[in-house]
Amino acid sequence: MDQAVDEAVRRAAAAGEAWRTTPAAERAAVLETVADALLKHAEELWPVAAEETRLPEARLRGEVARTAAQFRLFADVLRDGGWVEAVIDHPDPGATPPRPDVRRMNHPLGVVAVFAASNFPFAFSVAGGDTVSALAAGCPVVVKAHEGHPRTSDLTASVVRRALPDPDLLGLVHGFEAGGPLVRHPLVTAAGFTGSIAGGKAIQKLIDERPDPIPFYGELGSVNPVVVLPSADPAAVASGFAASLTLGVGQFCTNPGLVFVPAEGGFGQAVAEAVAGTSGGPMLTAKIREGYLRASGRLAERLTVLAGGGEVDGITPRVFAADLEAFADGLPELGEECFGPSAIVIRYRDPADLPAVLRRLPGSLTATVHAAGPEEARDLLPVLRRLAGRLIWNGWPTGVAVCWAMHHGGPWPASTTPAHTSVGAAAIRRWTTPVAYQDWPEDLLPPELRDGNPLGVPQRVDGRPRLS
């Protein structure tokens, strides 16, 4: 066992004993203190991240603010109380068979292992969504820092730890080799990951080899298909697509990788002209850069290059073109993610031909439709609901709102468990486990399950919702 990993996990587990029993209202206040600390230290945080990632100041300032907003959201989640899903069924001796008194609620799992992402040094890293949702649930966290921004990780961890009641609630380990010992540690009860399909599969394999496999919530690859219907405006679609494709040099899990456009109507030409006006830029790590060049190179060997932008730092946005039939013949390979500013424009002649091809695509985080009215898209909706976790109308998938309703997940390989999200209020559910109490005395029940409902949490009592 790696000594640094073992020490971090054991310290987190010890600190977690008090944290899991800390009232939700007190945990909420702590999360708001962390949010304040992140904003207070923004002028220290973003320059370090800029040096390590070469991301621009405006992007990093915005990401620090988003990260703080995530902590405030989960403070609200804790105060609301619905996340515990308190259910009370009173005894019914007349039922067949007779029903005892049964009450159920969610409790924190334990130590959560978090693998930081490369493309968001704040919002999906040490203080990211996995970390804050786990802390909100009452779980301590040990993060494996991403090798692309180690100093940013250390500084962020320092800021957060000073705002926690016990700094050991947030552990931090470095190095690729730390990942295995972390997910294999017997005190780790769940793991969260944002990264490649290969990385996710490697972590899942390690977990499967444990004597007690644990839940693994991974956000992996996604091609985020966009369907442009004939009534859409070619110029608006082209400009929006080019901006979304090249935002952050295409290094977003929600990058639009497949765009289905009518063969007629000038859509292909409009896209080509819009992409030609873009440019590349420095990528986050040498590994990501090499992966992009390999993947886009493979596409160039099989498809026609529709357009390319200006080259910067050796990176050129590239859009490839294929007819619907040729694209379908190239599946599943042509449906794989190319992480970076690259996409395939697929030309179709009849919208009725789209559902059969869309059904063959891998699961995605998002699917988008562009159309002038709803009727034109009605037949696509059942297919898209099975394909992606978030459906977008006349917009673009890059950018994920931090809110109660957000779902950031989808069928494999977008995520390992499509029912769960890594962004939004429901992300807390990943780090909880339900416990049912049968015929327990009132004094030993958690406050959330008592008939008097002293905490005022939403309860479902005998099948009916009761808010307080």
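Okay, so two strands count as paired if DSSP finds at least two bridges between them. Keep that in mind, and remember that this is a predicted model.

Let's start with β9, residues 258-262, and β12, residues 342-348: five bridges join them, and the two strands run parallel. If you want one spot to click on, take L258, whose bridge partner in β12 is I344.

Now zoom out to the whole sheet. What is the strand order? It goes β10-β11-β12-β9-β8-β13-β14, so to speak reading straight across, in an open sheet of seven strands with mixed pairing. At the edges you have β10 (304-308) and β14 (388-393), each pairing on one side only. Neighbouring strands are turned by 20° against each other on average, ignoring direction.

Next, the helices on the sheet. α9 lies across β8, β9, β11, β12 and β13, and runs at about 150° to β12. Helix α11, residues 286-302, packs on the sheet too, touching β11 and β12, and its direction makes about 30° with that of β11.

Last bit: α9 also has a helix partner. α9 (234-246) packs with α10 (267-276) at an angle of about 40°, with the axes 8 Å apart. The two helices are therefore oblique to each other, and α9 passes α10 in a right-handed crossing. Who makes that contact? From α9 it's P234, A238, S239, F241, A242 and L245, and from α10 it's F267, A270, V271, A274 and V275. Sorted by class, that contact has 10 nonpolar residues, one polar and no charged ones.

Technical notes. Residues numbered from 1 in each chain as written. Predicted model: local features only at pLDDT ≥ 70, side-chain atom pairs only at ≥ 80, totals over all residues. Heavy atoms only, no water. Axes fitted to C-alpha atoms, helices over the stretch in contact; angles between N-to-C directions. Helix = DSSP H or I, 4+ residues; strand = E, 2+ residues; numbered from the N terminus. Parallel < 35°, antiparallel > 145°, perpendicular 65-115°, else oblique. Left-handed = near helix turned anticlockwise from the far one by under 90°. Contact = heavy atoms within 4.5 Å. Nonpolar A, V, L, I, M, F, W, Y, C, P; charged D, E, K, R; others polar.
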